[in-house]
Amino acid sequence: MAKEENNLMDKIESLCKRRGFVFPGSEIYGGLANSWDYGPLGVELKNNIKNLWWKRFVQQRDDMVGIDAALIMNPKVWQASGHLENFSDPLVECKKCHHRFREDLLEDKKKCPDCKGELMDAKQFNLMLKTFLGSTEDDANVVYFRPETAQAMFVDFKNVLDTTRRKLPFGIAQIGKAFRNEITPGNFIFRTREFEQMEIEYFIKEKGWENVFEYWRNEMQLWMTEELGLDKNSIHELDVPDGERAHYSKKTIDFEFDFPFGRKELYGLAYRTDFDLKNHFKEAQYEDSETKEKIYPHVVEPTFGVDRSILAVLCNSYKEEDGRIFLKLNPKLAPYKVAVSCLKKNDEKLVSKAEEIYHELKKEFYANFDNRGNAGKYYGSQDEIGTPYCIMVDFQTLEDNTVTVRDRDTTKQERIKADELLNFLKNELI
Ligand code: GAP
């Protein structure tokens, strides 16, 4: 990896910790291998992404409904879905230092990347995270944390159908945690053992699945560019070849992003055929309205990792220009939409006017109040967390009720009437 690229990841990780986006998990106890906690600003960014996604793909559509299922499902789910048998990665261990690696990620499959020792033959390692339900830790009580949110959409298929009377084509969406006992987690929040997914299982008739696949391919591109604001040139599609796709998929496209540590999978789009519904339901549940025949719908699945979305957005928006650092976030994603400060921290009239404006704006937008009375630090600090607009209350404000509004990306300031701030921000941000 080039030094500069490594450097960018270090800078992003350091900014995330310094400003409260992402902290190392369980840090005071020495951490826990690649677990991360979202801090006060991270949870805002994450919620903004999830809410935008839910609005766009569920609430604004007529052909989509949502669910929120349990993380631990009956183990028979994983038997039927094929995960118990097939959801594994090839694991190799070094004969000398006993470090373990995912064989498919190694450039040299014979030598240990850490000590150059000889590697043992690969074994298949199941990625599902096990635990016990109930008070006895025996085989009968073994359960698994879900490795994908998708299965709940199949298992709940009949309940959704019965309660919503949907007709094909329609989709079921879910946002939630998934768990995988990854052999080699790493690259900050890119690959972790606990992560979040936003998934859609889109149910269709088999005929014409290619068109539906194409439709979702385009929708995913639009999400990445229009909502996340990712640079089109940093996104690449990989048609996953035979033999490398998940066990349920007949066609998969990986959407890859140019992360600082290389071009890696951001999202996936798969044609899962009727594989899942057939394995879960002995009889077909859906009645074709034309033929009155019971059929198993086929499925196209767009899947989006939440944590990878966040990492891609941070990498894409981190800018260093003219000696300043700023996050050029789509305003819809920015944790704070606006910040308010005043020129002197000990001037009662200025402070009280600034507070008045802040409380008014806070009713509509998540806003931040900076009371340090230092314009340079105020702007620098808001730039670093991607706040699109900074308001400054100064002595002129007390005379004519105008404030300055500074634009994060251009640093240009304009004077506008305090009474017009809400409308101005609504125009710019919504
Ligand atoms: N239901 C299909 C499915 O789970 P996947 O490609 O295995 O497909 C979907 O995972 C998405 O979940 C990935 O594209 C990625 O964004 C995210 N993801 C998968 N494993 C991850 C991990 N260990 N850490 C963070 N995100 C992960």
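This report walks through a predicted model of a protein with a bound ligand, from the overall fold to a few individual residues.

## The protein as a whole

Let us start with the broad view. The protein has 430 residues, and buried residues make up 50% of them. Its secondary structure comprises 13 helices and 24 strands. Measured out along the principal axes, the C-alpha atoms fill a box of roughly 75 × 65 × 50 Å.

The accessible surface comes to about 21,600 Å², and carbon and sulfur atoms account for 45% of that area. As for how the chain meets itself, take the contacts between residues at least 6 apart in sequence: 64% of these join residues at least 24 apart.

## Around the ligand

The ligand is surrounded by 20 residues, and the closest of them are Glu148, Arg180, Glu199, Glu265 and Leu266. By character, the shell divides into 9 charged, 6 nonpolar and 5 polar residues. Strand 11 (194-204), strand 14 (262-273) and strand 17 (298-305) each give at least two residues to this shell. Strand 14 supplies the largest share, with 5 residues.

Three side chains are worth a look for their polar atoms. Two glutamates approach nitrogen atoms of the ligand: glutamate 199 has a polar side-chain atom 2.5 Å from a ligand nitrogen, and for glutamate 182 the corresponding distance is 2.8 Å. Glutamine 197 instead places a polar side-chain atom 3.0 Å from an oxygen atom of the ligand. On its own the ligand would expose 550 Å², and the protein buries 92% of that.

## The strands behind the shell

The three strands that line the ligand are also linked to one another through strand 17. Strand 11 runs antiparallel to strand 17, with 6 bridges between them, and strand 14 likewise pairs with strand 17 in the antiparallel sense over 6 bridges. Specific residue pairs help to fix the register: phenylalanine 203 has valine 299 of strand 17 as its bridge partner, while tyrosine 271 stands opposite valine 300 in that strand.

Each of the other two strands has a further partner. Strand 11 pairs with strand 10 (residues 170-179), antiparallel, over 10 bridges; here phenylalanine 170 faces phenylalanine 203. Strand 11 is also mostly covered, with 10 of its 11 residues buried. Strand 14 is joined by 9 bridges to strand 13 (residues 251-259), again antiparallel, with threonine 252 opposite alanine 270. A hairpin of 2 residues connects strand 13 to strand 14.

## Glycine 305 and serine 309

Glycine 305 belongs to strand 17. Is this glycine buried or exposed? Its relative accessibility is 15%, so glycine 305 counts as buried, the cut-off being under 20%. Leaving out residues up to four places away in sequence, glycine 305 touches Glu196, Leu266 and Tyr267. Glutamate 265 lies 40 residues from glycine 305 in sequence, and their C-alpha atoms are 9.6 Å apart.

Serine 309 sits in helix 9 (residues 306-317). With a relative accessible area of 0%, serine 309 is buried. What does its side chain reach? The backbone oxygen of glycine 305 lies 2.5 Å from the side chain of serine 309, and a polar contact of 2.7 Å links that serine side chain to the side chain of tyrosine 267. Beyond residues up to four places away in sequence, serine 309 touches Ile49, Met198, Leu228, Leu266 and Tyr267.

## Histidine 236

One more residue rounds off the tour. Histidine 236 is part of strand 12 (residues 235-239). Its side chain makes a polar contact of 2.8 Å with the side chain of aspartate 258. The side chain of histidine 236 also reaches the backbone oxygen of asparagine 233, at 3.4 Å.

Setting aside neighbours within four places in sequence, histidine 236 is in contact with Asp254, Phe255, Glu256, Asp258 and Arg263.

How values were computed. Residues are numbered from 1 along each chain as its sequence is written. This is a predicted model: local features need pLDDT of at least 70, side-chain atom pairs count only at pLDDT 80 or more; totals for chains, interfaces and linings use all residues. Side-chain values use heavy atoms; hydrogens and water are left out. A residue is near a molecule or strand if one of its heavy atoms lies within 4 Å of it. A polar contact is a pair of N or O atoms within 3.5 Å; within protein, one must be able to donate a hydrogen and the other to accept it, and residues adjacent in sequence count only if both atoms are side-chain atoms. Accessible areas come from the Shrake-Rupley method with a 1.4 Å probe; for residues, only the protein chains shown count as cover. Helices (H or I, at least four residues) and strands (E, at least two) are DSSP runs, numbered from the N terminus. Ala, Val, Leu, Ile, Met, Phe, Trp, Tyr, Cys and Pro count as nonpolar, Asp, Glu, Lys and Arg as charged, and the others, Gly among them, as polar. Buried means under 20% relative accessible area, exposed over 50%, partly exposed in between (1.4 Å probe, protein chains only). Two strands pair if DSSP finds at least two bridges between them. Contact means heavy atoms within 4.5 Å.
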